[in-house]
Amino acid sequence: MTTPNDLGRAEFEHVPPDMKALHAMRRMGALSRLVSRRARVRLTNPHSPGHGWTGRIVGLADHPTILIELDNGKRHALPQAFEVEELVDNDAPRVEGDRVICSRCQLPYGPDHNCFLPGRPVKVLYLDLDSTVRKGYSELGRYVNDPADVEVFPAAIQQMRRWKETGGRIVGVTNQGGIALGIVTWQQVAAAIDETNRQTGHLFDQISVCSHHPEAKHPEVAHCWCRKPSLGAVATASANLARRFPNECYPPSFALMVGDRPEDRQCAEAAGLDFMWATNWRQDTRCPRCGSHTPNLQAEGEVQLCPHPWHNVTATPVPAVAK
């Protein structure tokens, strides 16, 4: 591990003049090796030891500066005269039996392994709302148009809690075409969504709403790319999550979409997501090997290997979003 004394400049003034260039070259070489490994470091101002920056060293500028990417995703250029300490990297590969696992993409290293993920991979549960999380027209005989109509399935809350406890994010994806048709207002839909989130214990990280409908009179609200079965709402939700949590990424292979209608399944297929029907999801169909949900579980008593990558993803549990 590199220490501040290895790369520091505090002793530089005591080096003979003919050795200063060699010292500088060695320091530059050490910094370059840190850049090549995107090492996690702490940079400290030698004239103000109490002030420092922690992140990944990502480059060396033409001028004597160090480019560091902080934990919040922002980048800064700092003088190379700063003391550099390499920290223990929590993202370092881990050994599992005879395999070395990349902690960024959760896949084993091999000859063709290339990890270009921009952050820690986190699984996402994309949920339709009506007749999936809350009772809809099929159960109520009417559409959910205001908070008084909201009645969340208790089984849905249980499944959402289990997902969060294993480190996942939860996103609601819902078509609310009644807004475009003039049947319901944005305010009513927003109030019903707030009530839905309240009844689930605020387990949603985000809820994406499409207010368009192809039968609307005005073309601006009749055409869109966010109404399921299009994948626009899913893509937007992923981008918004990445902005809120800059150290995370959301690969499609780590995601599951749940819904009750054909357009939900078509949306999942377009986005490259695994899909499960809402009734199966709420009935707690589980894999006997890992305890996670699987849409193609064999007969009871038979052991089946987990078919989906998100089954084996482990992470620090993500707390519910506070209201």
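In which helix is Asp 194 found? Asp 194 belongs to helix H6. The model is predicted. In this model, Asp 194 has a relative accessible area of 41%, so it counts as partly exposed; the buried class ends at 20% and the exposed class begins over 50%. Ile 207 lies 13 residues from Asp 194 along the chain. The C-alpha atoms of the two are separated by 9.7 Å.

Now step back to the whole protein. There are 323 residues, and 43% of them count as buried. The secondary structure comes to 10 helices and 14 strands. Take the contacts with a separation of 6 or more: residues 24 or more positions apart account for 54% of them. The protein exposes about 17,400 Å². Carbon and sulfur atoms supply 53% of that area.

Next comes the sheet. Five strands form an open sheet in the order E11-E10-E9-E13-E14, and the pairing is parallel. Which strands stand at the edges? They are E11, residues 206–210, and E14, residues 274–277. Each has a single partner strand, so one side of each is left without a neighbour in the sheet. From one strand to the next, the twist averages 20°.

Look inside the sheet at E9 and E10. These strands run parallel, joined by 4 bridges. Leu 127 has Gly 172 of E10 as its bridge partner.

Helices pack on this sheet. Helix H8 spans residues 232–244 and touches E9, E10, E11 and E13. The direction of H8 makes about 145° with that of E11. Helix H9, residues 262–271, also packs on the sheet, where it touches E13 and E14. For H9 and E14, the angle between directions is about 165°.

Which residues of H9 are buried? Asp 264, Cys 267, Ala 268 and Ala 271 are. They cover an arc of only 100° around the axis, so they sit on the same side of H9. The general rule is that an α-helix has 3.6 residues a turn, so residues three or four places apart point the same way. The cover over the buried residues of H9 includes H8, E13 and E14. Just after H9 comes Gly 272, with a positive phi of about 75°.

Helix H4 can be read in a similar way. H4 runs over residues 154–165, 12 in number. From its first C-alpha to its last, H4 reaches 17 Å, close to the expected 16 Å. Which residues of H4 are buried? The list is Ala 156, Ile 157, Gln 159, Met 160, Trp 163 and Lys 164. Why do they share a side of H4? Their arc around the axis is only 165°, which puts them on the same side. On the other side of H4, Pro 154 and Glu 165 are exposed.

What covers the buried residues of H4? The cover includes three strands and two helices. The strands are E9 (124–127), E10 (169–175) and E13 (255–259). The helices are H6 (186–199) and H10 (278–282). H6 is also the helix that holds Asp 194. E9, E10 and E13 appear in the order of the open sheet as well. After H4 comes Gly 167, whose phi is positive, near 95°.

Definitions and conventions. Residues numbered from 1 in each chain as written. Predicted model: local features only at pLDDT ≥ 70, side-chain atom pairs only at ≥ 80, totals over all residues. Heavy atoms only, no water. Expected span 1.5 Å × (residues − 1). Buried < 20%, exposed > 50% of the residue type's maximum accessible area, 1.4 Å probe, protein only. Arc of directions from axis to C-beta. Contact = heavy atoms within 4.5 Å. Pairing = 2+ DSSP bridges. Axes fitted to C-alpha atoms, helices over the stretch in contact; angles between N-to-C directions. Areas by Shrake-Rupley, 256 points an atom, 1.4 Å probe, with all protein chains shown as cover.
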